[in-house]
Amino acid sequence: MAAHRALVSASILDCDLASLGRESRRALKAGADRIHLDVMDGHFVPNITFGASVIKRLRRIGRQPFDAHLMISEPSRYVGEFIDAGCDSITFHVEVEEPVEPTLLQIRKAGRLAGLAIKPATPLSALEPYRDLLDIVMVMTVEPGFGGQKFKADAATKIDPAHRVFRDRPGEPPSRREIHVDGGVNRATAEYCGRLGVDVLVVGSVLWEKGVDIEREIRRVKALADAGYRDRRRGEAPSGKRRGGDAQ
Ligand code: DX5
Ligand code: ZN
């Protein structure tokens, strides 16, 4: 399979949760580069999913990267469990009402990638104080809590300037810095995200719809994002007109 610039992290939020292991393997076999794990506490967001013990058992499927996306009010209280569970990256929300820095430090000290997610209405400036501690910026293009929502193109405009959040850090490879886009990513929006220079596309509900050929879906999303990157390199600005991309 051709190498893609675009990486896909498959969100298993809307898969057949009775077969989490099998569904995760299926996504990876179909070309997903990672598994994106949406942890919700019913408090930070109005939905409850699963926690670290489920992820720990899921870890048995193999060594492929696990990205945890914590939509919980007290990441500091639980972050150790997600480290122990074998998450390769842990991203939580900058909007939490507790100090963020100690949790980022704890994740980095454990050798995992530390990330902050921002809701659609949160400006990038909220990340400024943590620039030196961030490996991942996750730009949310839906309100966190549920899969299957419509992509908010306005929120996506934060993807391009998000690259400037990362400061040069001597001794650290640039591969440790990633911009993720999460919410409503599919064939209709992938090209636009690529043109904005996103590194990792989180793809959720479209993979799990009845009758979908998951391999074809991932291949198309990657190809469209790659086309967006190529336009970006050529200096073509994202336009609203082409934002829809190839929705076939
Ligand atoms: C929403 C989650 C997303 C979600 C994406 O709060 O963070 O990861 O699963 O699903 P889609 O791709 O359906 O928007
Ligand atoms: Zn998510």
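In this predicted model, ligand 1 is surrounded by 19 residues, each with a heavy atom within 4 Å of the ligand. Gly-145, Gly-148, Asp-182, Gly-184 and Ser-205 are the closest of these. By class, the shell holds 7 nonpolar, 10 polar and 2 charged residues, with Asp, Glu, Lys and Arg counted as charged, Ala, Val, Leu, Ile, Met, Phe, Trp, Tyr, Cys and Pro as nonpolar, and the others, Gly among them, as polar.

Polar contacts (pairs of N or O atoms within 3.5 Å) tie several of the ligand's surroundings to its oxygen atoms. The side chain of Asp-182 places an N or O atom 2.7 Å from an oxygen of ligand 1, and for the side chain of His-36 the corresponding distance is 3.3 Å. Gly-204 takes part through a backbone N or O atom, 3.0 Å from a ligand oxygen. On its own, ligand 1 has 380 Å² of accessible area, of which the protein covers 99% (Shrake-Rupley method, 1.4 Å probe).

Two elements, strand E2 (34-40) and strand E3 (66-71), each give two or more residues to this shell; strands are DSSP runs of at least two residues, numbered from the N terminus. E2 gives the most, with 3 residues.

Ligand 1 occupies the largest pocket, an open set of points on a 1 Å grid over the protein atoms alone, with protein on both sides within 12 Å along at least five of seven lines; occupancy requires more than half of the ligand's atoms within 2 Å of the grid points. The pocket holds about 290 Å³ of space, the volume filled by probe spheres set on the points. Its lining comprises 27 residues, with Phe-146, Gly-147, Gly-148, Gly-183 and Gly-184 closest to the centre.

Residues are numbered from 1 along each chain as written, and chains are lettered from A and ligands numbered from 1 in written order. Local features need pLDDT of at least 70 and side-chain atom pairs 80 or more, whereas totals for chains, interfaces and linings use all residues; side-chain values use heavy atoms, without hydrogens and water.

Note on methods. A polar contact is a pair of N or O atoms within 3.5 Å; within protein, one must be able to donate a hydrogen and the other to accept it, and residues adjacent in sequence count only if both atoms are side-chain atoms. On a 1 Å grid over the protein atoms alone, a cavity is a set of points where a 1.4 Å probe fits but cannot get out, and a pocket is an open set with protein on both sides within 12 Å along at least five of seven lines; lining residues have an atom within 4 Å of a point. Helices (H or I, at least four residues) and strands (E, at least two) are DSSP runs, numbered from the N terminus.
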